[in-house]
2 protein chains.
Amino acid sequence: MSLRSIYQAVEADLGGVEELLLSVRSEGSAWLDEMVAYSLQSGGKRIRPALTLLAGKFYQYRLEGLLPMAAAIELMHTATLIHDDAIDKSAVRRAKSTVYCVWGEAKAILLGDFLFARAGGMATDTRSLAAVRLFTETLATISTGEVNQSFSAFNLEQTRTQYIERIARKTASLFALSTESGGLLGGAPPAQTRALRDYGYNLGIAFQITDDILDFTSNERQLGKPIGSDLMQGTLTLPSMMILERYPEDNPIKRLFENHAHLSELEVQSYVKQAREIINRSQIARDCRKAASEYSRNACNCLKTLPPGAIRGALEELCSFILARRK
Amino acid sequence: MSLRSIYQAVEADLGGVEELLLSVRSEGSAWLDEMVAYSLQSGGKRIRPALTLLAGKFYQYRLEGLLPMAAAIELMHTATLIHDDAIDKSAVRRAKSTVYCVWGEAKAILLGDFLFARAGGMATDTRSLAAVRLFTETLATISTGEVNQSFSAFNLEQTRTQYIERIARKTASLFALSTESGGLLGGAPPAQTRALRDYGYNLGIAFQITDDILDFTSNERQLGKPIGSDLMQGTLTLPSMMILERYPEDNPIKRLFENHAHLSELEVQSYVKQAREIINRSQIARDCRKAASEYSRNACNCLKTLPPGAIRGALEELCSFILARRK
């Protein structure tokens with residue numbers, strides 16, 4: 001099933017979100033406006049705003065709250081990506097030069113800050129203090145996950161529990177915000193808002209594990225960004241943890257992490273290539289996909305208490321889509 | 001008059017703001033908590049939170065809104081300084097190593113993001129959507145000012161109007177937020193909230209011009225950060241604009257800006273020293289102080305419509321304090 005058909009029930013309103021995103025401007029800085037337009041035209045999948053609208057559509061579909069919240073979430077997401085790219089010194093994302101690459105680090109930091117501000121403003125446009133509260137708490141959670149990832153870089157002593165905790169913070173929390181805020185602003189009963197949150201959380205974990213697999217198995221053309229970037233940043237993910245567990249002798253990741261400070265670009269590339277080869281000739285990608293499907297199944301189970309029909313069907317489809325996606 | 005005596009009427013409650021600041025924690029990241037504690041113990045002057053409390057004290061002194069707002073503003077200020085230091089690669093501020101210097105750039109970016117989130121959370125604690133709105137708009141304005149400053153670096157073709165516009169955004173907007181939000185949360189009549197905002201705005205301009213003078217006339221021991229950093233970053237300020245106007249021939253700033261990409265550290269230092277010498281033997285510092293006093297006088301005039309008494313006296317004293325300060 002395509003994203004387009006999954007989004008069908010809210011497609012017109014996703015256009016409204018897009019309009020809100022394109023309305024983001026500074027008060028009279030042409031420089032800033034150019035960067036804002038560049039970063040928001042980058043054509044992401046808009047999964048998070050779609051989740052907010054779909055979750056709200058179960059209940060009272062009050063667009064005056066749902067549209068700004070959906071836009072706020074996409075803006076926050078964009079701002080965190082811009083900061084991530086500055087931190088990782090990434091040149092390409094979504095097959096486009098990053099803000100970091102085009103304008104440099106200072107501008108990337110400041111543009112991110114500006115978008116956080118505008119995102120907070122949009123969240124305020126919902127006129128729901130509870131929604132603003134969820135918004136600020138989620139940004140705190142994401143930053144915490146990113147800080148932990150940064151401090152854990154090139155550390156081989158990490159458990160799967162730590163991995164799940166990390167991706168829960170940096171990715172699943174925003175998915176959870178997307179669905180929870182949709183329920184909240186739609187006026188869902190508290191138990192259903194909780195179920196929507198749990199759905200988003202599990203979906204987000206499945207999404208990130210899939211992302212981490214694709215960083216090994218995809219290619220730059222398809223993914224729109226370089227392959228192997230997690231290893232190059234020293235970030236252990238589920239596939240790399242499995243490589244470490246199953247190939248304790250002569251392990252390229254161990255070598256890369258232990259000597260990263262002294263390696264040439266070519267040596268790094270060679271270790272990353274070796275790690276990819278292990279993934280290709282082993283069952284690791286399959287086993288990671290199994291782990292992702294488990295979270296995706298959990299997500300689906302969370303939907304059981306929600307009203308049946310087309311919306312629930314779309315959210316169920318999204319669970320499979322997320323696992324099967326190639327970019 | 002000392003800051004302490006100016007703050008007298010709200011001193012106990014500034015202790016409450018300090019407690020709120022020290023209560024800022026992550027959800028379980030020891031790394032992040034260490035950085036948060038480090039950055040909030042840095043002992044700034046806390047002028048902005050004092051302004052919020054003093055402004056609120058004219059009216060209904062509802063601490064349940066004023067305390068979190070004052071803390072939110074100080075948190076936002078701290079976060080912007082942390083990002084500024086990462087952008088400028090500054091090693092020292094307030095006589096302490098910067099977060100950038102101790103933990104590096106990635107952590108400085110992420111810590112700033114976390115503090116923005118917690119600042120937004122505190123602003124939400126006021127339970128006033130209008131206060132949250134002012135908060136997010138001010139962060140957008142500050143980022144816009146910083147972006148413009150960054151794009152104008154090493155550009156000799158800047159007018160005084162552009163300078164005032166820049167410092168209005170990056171500095172005066174936060175002073176204006178401090179006083180306006182105090183009035184708003186205290187329930188001031190709209191015209192008085194507006195007067196408080198105008199007071200904060202003019203005070204902020206006077207504050208920043210004074211800052212820009214001190215960057216030439218002070219010394220590192222007193223200022224707690226290196227002297228001449230504006231010129232080294234390529235930022236034109238009022239004193240450097242006056243040097244350019246009055247010494248068009250053989251001008252060290254012109255030479256520095258035109259050749260900055262090819263200069264050694266020593267050559268840069270030499271040009272900065274020459275610029276400082278011009279300030280010392282000319283009337284420029286005096287003329288800049290005159291400009292600052294004009295804004296400070298405007299600020300004082302804004303107070304005329306506010307209730308007379310000790311609070312107004314304190315805000316009037318602050319106008320003189322800001323001009324006379326040495327750090």
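Q: Why is the span of helix α7 (residues 105-125) of chain A said to agree with what is expected?
A: In this predicted model, the end C-alpha atoms of helix α7 of chain A are 30 Å apart, and 21 residues at 1.5 Å a residue should span 30 Å, so the two values agree.

Q: What makes α7(A) mostly covered?
A: A residue counts as buried if 20 or more other C-beta atoms lie within 10 Å of its own. Of the 21 residues of α7(A), 20 are buried. Just after this helix, A:Arg127 takes a positive phi of about 60 degrees.

Q: How do you know what length to expect of helix α10 (residues 190-217) of chain B?
A: The expected span is 1.5 Å times one less than the number of residues. Helix α10 of chain B has 28 residues, and its reach of 40 Å from first C-alpha to last is close to the expected 40 Å.

Q: Why is α10(B) described as largely enclosed by the rest of the structure?
A: The count of buried residues decides this: 20 of the 28 residues of α10(B) are buried, so the helix is largely enclosed.

Q: Why is chain A called as compact as a globular protein of its length?
A: Chain A comes to 17 helices and 2 strands. Its radius of gyration is 20 Å, close to the 20 Å given by the globule rule for 327 residues, so chain A is as compact as a globular protein of that length. Along the principal axes, the C-alpha trace of chain A spans about 60 × 50 × 30 Å. Buried residues account for 53% of the chain.

Q: Why is B:Arg94 counted as partly exposed?
A: The class between buried and exposed lies above 12 and below 20 neighbours. B:Arg94 has 15 C-beta neighbours inside 10 Å, so it counts as partly exposed. Its place is in the loop between β1 (92-93) and β2 (96-97) of chain B.

Q: What makes the phi of B:Arg94 worth a remark?
A: Most residues other than glycine have a negative phi. The phi of B:Arg94 is near 50 degrees, a positive value in a residue other than glycine. B:Asp250, likewise not a glycine, has a positive phi of about 50 degrees.

Q: Why is B:Asp250 counted as it is, buried or exposed?
A: A residue with 12 or fewer neighbours is exposed. B:Asp250 has 8 C-beta neighbours inside 10 Å, so it counts as exposed. B:Asp250 lies in the loop between α13 (238-246) and α14 (252-259) of chain B.

Q: Why is A:Glu258 called partly exposed?
A: The exposed class ends at 12 neighbours and the buried class begins at 20. A:Glu258 has 13 other C-beta atoms within 10 Å, so it is partly exposed. This residue is found in helix α14 (residues 252-259) of chain A.

Q: What makes the relation between chain B and chain A that of a two-fold axis?
A: A rotation of 180 degrees with 0.0 Å of shift along its axis superposes chain B on chain A, with an RMSD of 0.0 Å. That is the relation of a two-fold axis. The same surface serves both copies, since 100% of the contact residues of chain B recur in chain A.

Q: How do you know which helix gives the most to the side of chain B that touches chain A?
A: In all, 36 residues of chain B are in contact with 36 residues of chain A. Helices α3, α5, α7 and α8 of chain B each supply at least two residues of that side. The most comes from α8(B), with 15 residues. The residues of this side divide into 16 nonpolar, 12 polar and 8 charged.

Conventions. Residues are numbered from 1 along each chain as its sequence is written. Chains are lettered from A and ligands numbered from 1 in the order in which they are written. This is a predicted model: local features need pLDDT of at least 70, side-chain atom pairs count only at pLDDT 80 or more; totals for chains, interfaces and linings use all residues. Two residues are in contact if their C-beta atoms, placed from the backbone, lie within 7 Å. Helices (H or I, at least four residues) and strands (E, at least two) are DSSP runs, numbered from the N terminus. Ala, Val, Leu, Ile, Met, Phe, Trp, Tyr, Cys and Pro count as nonpolar, Asp, Glu, Lys and Arg as charged, and the others, Gly among them, as polar. Copies are superposed by least squares on the C-alpha atoms of residues with pLDDT of at least 70 in both. The radius of gyration is taken over C-alpha atoms; the globule rule is 2.2 Å times the number of residues to the power 0.38.
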